[in-house]
Amino acid sequence: MTATLEEFFAPFAARSPIGRDVAALLTELAGAAASLQTLISSGGAMGGASATSPKGAANGGGDVQKVLDLEADRLFVAAARAAPVAFYGSEEQDEAVAMQPEGTLALAIDPLDGSSNIETNVSIGTIFSVLPVEAEHRADPASVFRQPGRRQLAAGFFVYGPQLLLVATVGEGTHVFGWSPETRRFTFAQTLRIPEDAKEYSINASNVRHWDAPVRLYVDRCLAGKDGPRGRDFNMRWVASMVADAYRIFVRGGVYLYPGDSRKGYAQGRIRLLYEASPVAFCAEQAGGAATDGIHPILDIVPEGLHQRTPVVFGSRNEILEIGRIMADPDSLATESPLLLHRPTGGI
């Protein structure tokens, strides 16, 4: 018989009080995600959930909020309050929210990643990170969300698509759980292992005119295919929904790039470090992959604030190493007649 989410993490929960608290939070998050899946299925694409919120407000990261963004945040706030969570940090809120005074956990979350795709019926998701709350954090609550990703106790993401999935890690591998509407349970599906080599890359190629030279050089080398320096053909995939791209890469390999570029406000990338890049990086490393900002491991970066952004590259380990080599020393490879570097800067 396939283990439920609770049964799968029961041995982990039994080892320590903090493990018990993490398992309890995962259960509450799973319940909130199931409720959110129902909202998406019943009105996300065709109903008013894809509309801009009545107040036309922007979230903590500066993005315009949609009705479903706010509903998702409401559901996960309730889930966090039902678990031993001391502090809740959300993309949809300007500042962290204090919750259980004696809580042992801090939850950082993007309640609805990819919400710009709601009306197009593309897979969207929720990304979350669970951090420990120590004594020094209670004296300075803002410091709880200034911990590097290697301090994470758990992380993961839900995918709202043809099937509701949870990809999660507690530092002991990265596992997939599928939701059954009949049993109303998440059950274990598989343990993921990202292939070390990649034949696909994910990047928004419409921004080529804004990229820095190393990013152009990397893509150029991929485009050259089997006759180029990489010696094999690559496919490009771009969903514009991070969880959809991430799940595909985790299952069959590949690499995701969202670099910084020359546009105003994009120098440091657009992916939020704390509740997007860091949890996906934790899952990637636990699945045998890697994640960097181009050069430095994402999990080693210490956040300066709740909504800090970062460039991000994650996926197949050997491809991440190749990208790091180009980022660190692009001049050593620039003699390979790059295609993109010599294109007009007006676009593709």
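This tour visits two sheets and two helices of a predicted model.

Residues are numbered from 1 along each chain as its sequence is written. Because the model is predicted, local features need pLDDT of at least 70 and side-chain atom pairs count only at pLDDT 80 or more, while totals for chains, interfaces and linings use all residues; side-chain values use heavy atoms, with hydrogens and water left out.

**The sheet of 8 strands**

Begin with the open, mixed sheet ordered β2-β1-β3-β4-β5-β6-β7-β8. Strands (E, at least two residues) and helices (H or I, at least four) are DSSP runs numbered from the N terminus, and two strands pair if DSSP finds at least two bridges between them. Select 97-98 and 185-192 to show the edge strands β2 and β8, each of which pairs on one side only.

Next, select 85-90 and 105-113: these are β1 and β3, parallel strands joined by 5 bridges. Within this pair, Gly89 stands opposite Ala108 of β3.

**The helices across it**

Add residues 67-81, helix α4, which lies across β1, β2, β3, β4 and β5 and runs at about 155° to β3. Then select 273-286, helix α8; this helix lies across β1, β3, β4, β5, β6 and β7, at about 85° to β4. Contact means heavy atoms within 4.5 Å; axes are lines fitted to C-alpha atoms, for helices over the stretch in contact, with angles from 0 to 180 degrees between N-to-C directions.

**The sheet of 5 strands**

Move to the open sheet β10-β9-β11-β15-β13, also of mixed pairing. Its edge strands are β10 (235-236) and β13 (290-292). Finally, select 200-202, strand β9, which pairs with β10 in the parallel sense over 2 bridges; here Glu200 stands opposite Asn235.
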